[in-house]
Amino acid sequence: SEQAWTPLFWQSHFWMGMVLTALHLATTAVQPSIGRNMQIRRLHISVNVIVSLLLFMQAVSGTRNLLLR
């Protein structure tokens, strides 16, 4: 969908990929602080769990889209 006000536009693989890229860059940026600060370590783990779920969703939906076409 090309219209930005529709939910389908924001559910596309492109935008999910952009979010995943931003999360990976953020966790890479805080890498030196992870070992020193327990709160940042917990945040890092939480972000990685979210990234794993988003990657799983993208893999399932991408495979589904390829098989249904």
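**Packing of helices α2 and α4**

Ser61 lies in helix α4, a helix that spans residues 38-68 in this chain. In this predicted model, Ser61 is buried, with a relative accessible area of 16%. A pairing distant in sequence also involves this residue: Ser12 sits 49 residues away from Ser61 along the chain, yet the C-alpha atoms of the two are separated by 9.8 Å.

Turning to the partner helix, α2 covers residues 13-29 and includes Thr27. The relative accessible area of Thr27 is 8%, so this residue counts as buried, the cut-off being under 20%. Leaving aside residues up to four places away in sequence, Thr27 touches Ile34, His44, Val47 and Asn48.

How, then, do the two helices meet? The axes of α2 and α4 are 10 Å apart, and the helices pack at an angle of about 155 degrees. Because angles over 145 degrees count as roughly antiparallel, α2 is roughly antiparallel to α4. The crossing of α2 past α4 is left-handed. On the α2 side, the contact is made by His13, Met16, Gly17, Val19, Leu20, Leu23, His24 and Thr27. On the α4 side, the contributors are His44, Val47, Asn48, Ile50, Val51, Leu54, Leu55, Met57, Gln58, Ser61, Gly62 and Asn65. Both Thr27 and Ser61 thus appear among the residues of this contact. In character, the residues joining α2 with α4 divide into ten nonpolar and ten polar, with no charged residue.

Technical notes: Residues are numbered from 1 along each chain as its sequence is written. This is a predicted model: local features need pLDDT of at least 70, side-chain atom pairs count only at pLDDT 80 or more; totals for chains, interfaces and linings use all residues. Side-chain values use heavy atoms; hydrogens and water are left out. Helices (H or I, at least four residues) and strands (E, at least two) are DSSP runs, numbered from the N terminus. Buried means under 20% relative accessible area, exposed over 50%, partly exposed in between (1.4 Å probe, protein chains only). Contact means heavy atoms within 4.5 Å. Axes are lines fitted to C-alpha atoms, for helices over the stretch in contact, and angles run from 0 to 180 degrees between N-to-C directions. Angles under 35 degrees count as roughly parallel, over 145 as roughly antiparallel, 65 to 115 as roughly perpendicular and the rest as oblique. A crossing is left-handed if the near helix is turned anticlockwise from the far one by less than a right angle, and right-handed if clockwise. Ala, Val, Leu, Ile, Met, Phe, Trp, Tyr, Cys and Pro count as nonpolar, Asp, Glu, Lys and Arg as charged, and the others, Gly among them, as polar.
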